[in-house]
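Reader: I'd like a close look at one part of this model. Could you walk me through how the pieces pack against each other, and keep it relaxed?

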There are 2 protein chains.
Amino acid sequence: MARKAKRKAYHHGDLRAALLEAAVAEIADKGLHGLSLRECARRAGVSHAAPYRHFADKDALLVAIAEEGFSMLSQAGRAAMEGLDDPRARLDAYGIAYVRFAVTYPSHFRVMFTSELDDPDPLARAAGERAFSLLVDSAAAVAGPESAELAGVAFWTVPHGLAMLMLDGRMPPEHTATPEAAAALAAQVLGVWRETSR
Amino acid sequence: MARKAKRKAYHHGDLRAALLEAAVAEIADKGLHGLSLRECARRAGVSHAAPYRHFADKDALLVAIAEEGFSMLSQAGRAAMEGLDDPRARLDAYGIAYVRFAVTYPSHFRVMFTSELDDPDPLARAAGERAFSLLVDSAAAVAGPESAELAGVAFWTVPHGLAMLMLDGRMPPEHTATPEAAAALAAQVLGVWRETSR
DNA sequence: GAATTATGTTGACGGCAGCAACATCGGATT
DNA sequence: AATCCGATGTTGCTGCCGTCAACATAATTC
């Protein structure tokens with residue numbers, strides 16, 4: 001057995017991890033559309049068909065990156081909310097962490113939300129919903145349990161929209177140059193929403 | 001002369017428009033990654049190289065779709081704000097129209113914000129900024145001129161994030177089934193932001 | 001130590017983007 | 001009206017890609 005526990009594997013070392021890393025670098029370089037399995041294999045120093053021993057196809061590799069990303073995002077969100085009691089403060093902290101994550105791991109983020117995966121992969125979907133549920137819990141404390149889902153959507157929408165606009169190059173570059181700058185803009189935007197309403 | 005005025009053109013009729021239409025349909029079918037110029041040519045009933053008489057390459061076709069989309073979006077936004085005087089009402093109306101547009105023309109919207117275009121195409125970029133400036137004007141009336149840009153970003157972020165999450169299949173399907181349902185959710189989300197803050 | 005399984009390689013096939021050489025059509029020139 | 005010429009469309013090619021099948025080799029298990 002030990003099918004999946006391939007720690008320090010056979011020929012290469014850990015080709016699966018190397019391929020994931022290569023793919024992320026490749027996406028950062030040439031964008032998602034410029035990603036090719038063959039180039040990943042080249043970067044990892046193996047032949048062009050070797051990846052198929054670790055991923056059923058190209059989509060499977062992308063799904064693995066998405067899962068990794070959702071896992072990192074959940075962790076970042078939890079860490080940001082840790083120690084905060086006020087629900088509104090927790091939601092803001094999550095939103096800021098969300099944007100910071102997107103700018104720090106843009107390749108992962110793009111793959112997570114690219115809608116380019118043919119089959120609605122259940123694993124990636126579940127990972128996304130797990131990250132989302134973090135929001136809904138705190139939203140319930142703000143908006144009441146009956147409209148928690150709606151409030152969760154509302155508080156997901158702002159950081160997600162901001163992150164997408166940033167990764168799409170739609171924001172002034174100085175706001176996306178560093179994770180800190182991006183987080184600062186996220187805080188400002190959330191502040192606007194707090195102030196302009198009544 | 002009359003290089004660009006190809007009204008009722010030569011052999012095909014209007015291959016350029018037919019290709020754009022075919023591409024939009026193709027994206028709706030198989031997603032952006034599944035788009036191929038050759039398949040568009042097949043749909044239009046021409047040979048695989050004919051598209052190159054109308055578009056320099058695949059990216060150029062996508063840019064044309066993006067421009068078309070930004071033009072439609074601007075028009076929809078202007079129409080939605082028409083007759084409204086209260087700036088906050090104008091911003092809400094724009095946001096709702098934004099989401100409605102995304103659900104009505106998902107292929108266009110995906111291409112507009114796909115970040116898969118290699119060169120930062122200046123035409124598409126200008127078209128996007130024109131649509132954005134519609135927001136900033138009304139935002140200035142809400143937040144004051146000095147922070148109009150920030151307020152514009154804030155009011156862009158919500159509909160954009162919601163639209164992206166919808167097109168990515170991250171919202172319950174009943175909210176994205178029809179443009180009306182999507183617009184209703186957008187209105188609700190904007191309402192949450194009006195109520196939960198202080 | 002032998003059998004088995006996991007991992008990697010080579011070579012092939014079909015599809016796509018893009019280019020070049022050729023063919024044809026339609027309007028403009030004379 | 002005959003001609004020319006540019007705009008449009010076709011055929012065929014090259015190189016890259018995703019994927020599969022057949023083969024080779026290395027690690028694990030018995």
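Author: In this predicted model, the C-alpha centres of domain 1 and domain 2 of chain A sit 27 Å apart. The domain assignment puts domain 1 of chain A at 7-55 and domain 2 at 58-195. Where the two touch, 9 residues of domain 1 of chain A are in contact with 11 residues of domain 2 of chain A. Helix 1 of chain A, residues 15-30, gives the most to the domain 1 side of that contact, with 6 residues. By class, that domain 1 side divides into 9 nonpolar residues, with no polar and no charged ones.

As for the chain these domains belong to, chain A has 8 helices and 0 strands. Read from the N terminus, its elements go α-α-α-α-α-α-α-α. Along its principal axes, the C-alpha trace of chain A spans about 60 × 40 × 30 Å.

Now over to chain B, and to the way its helices pack. Two packed helices are described by the angle between their axes and the distance between the axes. Let's begin with helix 1 (residues 15-30) and helix 2 (residues 37-44) of chain B, whose axes come within 9 Å and cross at roughly 115°. Helix 1 of chain B passes helix 2 of chain B in a right-handed crossing. On the helix 1 side, the residues that meet helix 2 of chain B are L15(B), A18(B), L19(B), A22(B), A23(B) and E26(B). Facing them from helix 2 of chain B are E39(B), C40(B), R43(B) and A44(B). Sorted by class, this contact between helix 1 and helix 2 of chain B has 7 nonpolar, no polar and 3 charged residues.

Further along the chain, helix 8 of chain B is worth a good look. Helix 7 (residues 148-167) and helix 8 (residues 179-195) of chain B have axes that come within 11 Å and cross at roughly 135°. That angle is why helix 7 of chain B counts as oblique to helix 8 of chain B. The crossing of helix 7 of chain B with helix 8 of chain B is right-handed. From helix 7 of chain B, the residues involved are V158(B), P159(B), L162(B) and M166(B). They meet A182(B), A186(B), V189(B), L190(B) and W193(B) in helix 8 of chain B. The tally for this contact of helix 7 with helix 8 of chain B is 9 nonpolar residues, no polar and no charged.

Helix 8 of chain B also packs against helix 4 (residues 87-104) of chain B, at an angle of about 145° and with the axes 8 Å apart. Helix 4 of chain B likewise passes helix 8 of chain B in a right-handed crossing. Helix 4 of chain B brings D92(B), G95(B), I96(B), V99(B), R100(B), V103(B) and T104(B) to the contact. Helix 8 of chain B answers with P179(B), A182(B), A183(B), A186(B), A187(B) and L190(B). Here the contact of helix 4 with helix 8 of chain B has 9 nonpolar, 2 polar and 2 charged residues. If A182(B), A186(B) and L190(B) ring a bell, helix 8 of chain B uses them to meet helix 7 of chain B as well.

That leaves the place where the chains come together. Here 33 residues of chain B are in contact with 33 residues of chain A. On the chain B side, helix 6 (122-143), helix 7 and helix 8 each supply at least two residues. Helix 7 of chain B gives the most to that side, with 13 residues. The side of chain B that touches chain A divides into 18 nonpolar, 11 polar and 4 charged residues.

And the symmetry? Chain B can be laid on chain A with an RMSD of 0.1 Å by a turn of 180° and a shift of 0.0 Å along the axis. The two copies are therefore related as by a two-fold rotation axis. In chain B, the residue that comes closest to the rotation axis is G161(B), with its C-alpha at 1.7 Å. What's more, 100% of the interface residues of chain B are also interface residues in chain A, so the copies meet through the same surface.

Conventions:
Residues numbered from 1 in each chain as written. Chains lettered and ligands numbered in written order. Predicted model: local features only at pLDDT ≥ 70, side-chain atom pairs only at ≥ 80, totals over all residues. Axes fitted to C-alpha atoms, helices over the stretch in contact; angles between N-to-C directions. Helix = DSSP H or I, 4+ residues; strand = E, 2+ residues; numbered from the N terminus. Parallel < 35°, antiparallel > 145°, perpendicular 65-115°, else oblique. Left-handed = near helix turned anticlockwise from the far one by under 90°. Contact = placed C-beta atoms within 7 Å. Nonpolar A, V, L, I, M, F, W, Y, C, P; charged D, E, K, R; others polar. Domains from an automatic or database assignment. Least-squares fit on C-alpha atoms with pLDDT ≥ 70 in both.
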